[in-house]
Amino acid sequence: MTLKFIKEICKLGGDIDCCRYLLCDGEGFCCGKLSGFKSMLDRRVAKNEMHAKGDNCDGLPEKFREVHQEIYDKCIELQPKWKRNAFTLRTIIVASVTNGDHYKRITVSGKTYLVPIADVICLGVKAEEIPLKYKEAK
């Protein structure tokens, strides 16, 4: 999660509007809406045991981190219509990022190329175009 997302969507520091599902683990902030914590957090809000009561988005897949947000932002720039399916897009991105960077390693004719994940998801890539458009992995 980026600081921008945490401030604008989760509303960190936003008093009662702060998202009840905003959690912090050893790697930083994360979303608990789709985790096993959801029902416990909902019960605590219903019992008025929590100050943060917001429910500000559809939730983020587990381990949605800054690299994922950067890819998400690029996908929305390439294909604004994906914003209507934000959760699905975020889930696809988390599943696609295997090396913690912005690239998918795709092998064509025995050579491996670095293809931006945003291109793979939002534009689609044709195997015959990969050697012409993308750099070879080292």
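How many salt bridges does the count come to? I began with that, knowing that this is a predicted model. The count comes to six salt bridges.

**Entry: charged pairs**

I took the pairs one by one. Side chains of opposite charge can pair when their charged atoms come close. Asp101 and Arg105 form a salt bridge, with N to O at 2.7 Å. I looked up the accessibility of Arg105 and got 38%, so Arg105 counts as partly exposed.

Next I checked Glu77 and Lys74. Their side chains meet in a salt bridge, 3.3 Å from N to O. Both residues belong to helix H3 and sit three residues apart, about one turn of the helix. Are Glu77 and Lys74 buried or exposed? Glu77 has 56% relative accessibility and is therefore exposed. Lys74, at 35%, counts as partly exposed.

Then came Arg44 and Glu49. I found their salt bridge at 3.7 Å, N to O. The cut-off for a salt bridge is 4 Å, so this pair is counted. Arg44 is partly exposed at 33% relative accessibility. Glu49 is partly exposed too, with a relative accessible area of 45%.

I also noted a network. Salt bridges link Arg20, Lys38 and Asp42 in it.

**Entry: rings**

How many aromatic pairs are there? The count comes to zero. I did find a charge over a ring. The charged end of Arg90 sits over the ring of Tyr72, and the distance to the ring centre is 4.4 Å.

**Entry: nonpolar cores**

I turned to the largest nonpolar core, which has 29 residues. Which members touch the most other members? They are Met1, Ile71, Tyr72, Cys75, Leu89, Ile93 and Ile121. Tyr72, the residue under the charged end of Arg90, is thus on this list.

I asked which helices supply at least two residues each to this core. I listed H1 (3–8), H2 (38–46), H3 (66–78), H4 (86–96) and H5 (117–123). H3 gives the largest share of the core, five residues. H3 also holds the Glu77 and Lys74 pair.

I then looked up Cys75. What is Cys75 in contact with, leaving aside neighbours within four places in sequence? The contacts are Leu89, Ala118, Ile121 and Cys122. Leu89 and Ile121 are also among the core members that touch the most others.

Apart from the largest core lies another core, of five residues. Among them I noted Val108, Tyr113, Val115 and Tyr134.

**Entry: strands**

I checked S1 (residues 22–25) and S2 (residues 28–31). Four bridges join these strands, which run antiparallel. S1 and S2 form a hairpin, with two residues between them. Which residue in S2 is the bridge partner of Leu23? I found Cys30.

**Entry: backbone angles**

Last, I looked for positive phi in residues other than glycine. Asp15 has a phi of about 60° and is not a glycine. I located Asp15 in the loop between H1 and S1.

Asn48 gave a similar entry. Its phi is near 60°, a positive value in a residue other than glycine. Where does Asn48 lie? I placed Asn48 in the loop between H2 and H3. Exposed means over 50% relative accessible area, so Asn48, at 57%, counts as exposed.

How values were computed:
Residues numbered from 1 in each chain as written. Predicted model: local features only at pLDDT ≥ 70, side-chain atom pairs only at ≥ 80, totals over all residues. Heavy atoms only, no water. Core = buried A, V, L, I, M, F, W, Y, C linked by side-chain atoms within 4.5 Å. Buried < 20%, exposed > 50% of the residue type's maximum accessible area, 1.4 Å probe, protein only. Contact = heavy atoms within 4.5 Å. Phe/Tyr/Trp six-rings, centres within 6.5 Å; stacked < 30°, edge-to-face > 60°. Lys NZ or Arg CZ within 6 Å of the ring centre and 35° of its normal. Pairing = 2+ DSSP bridges.
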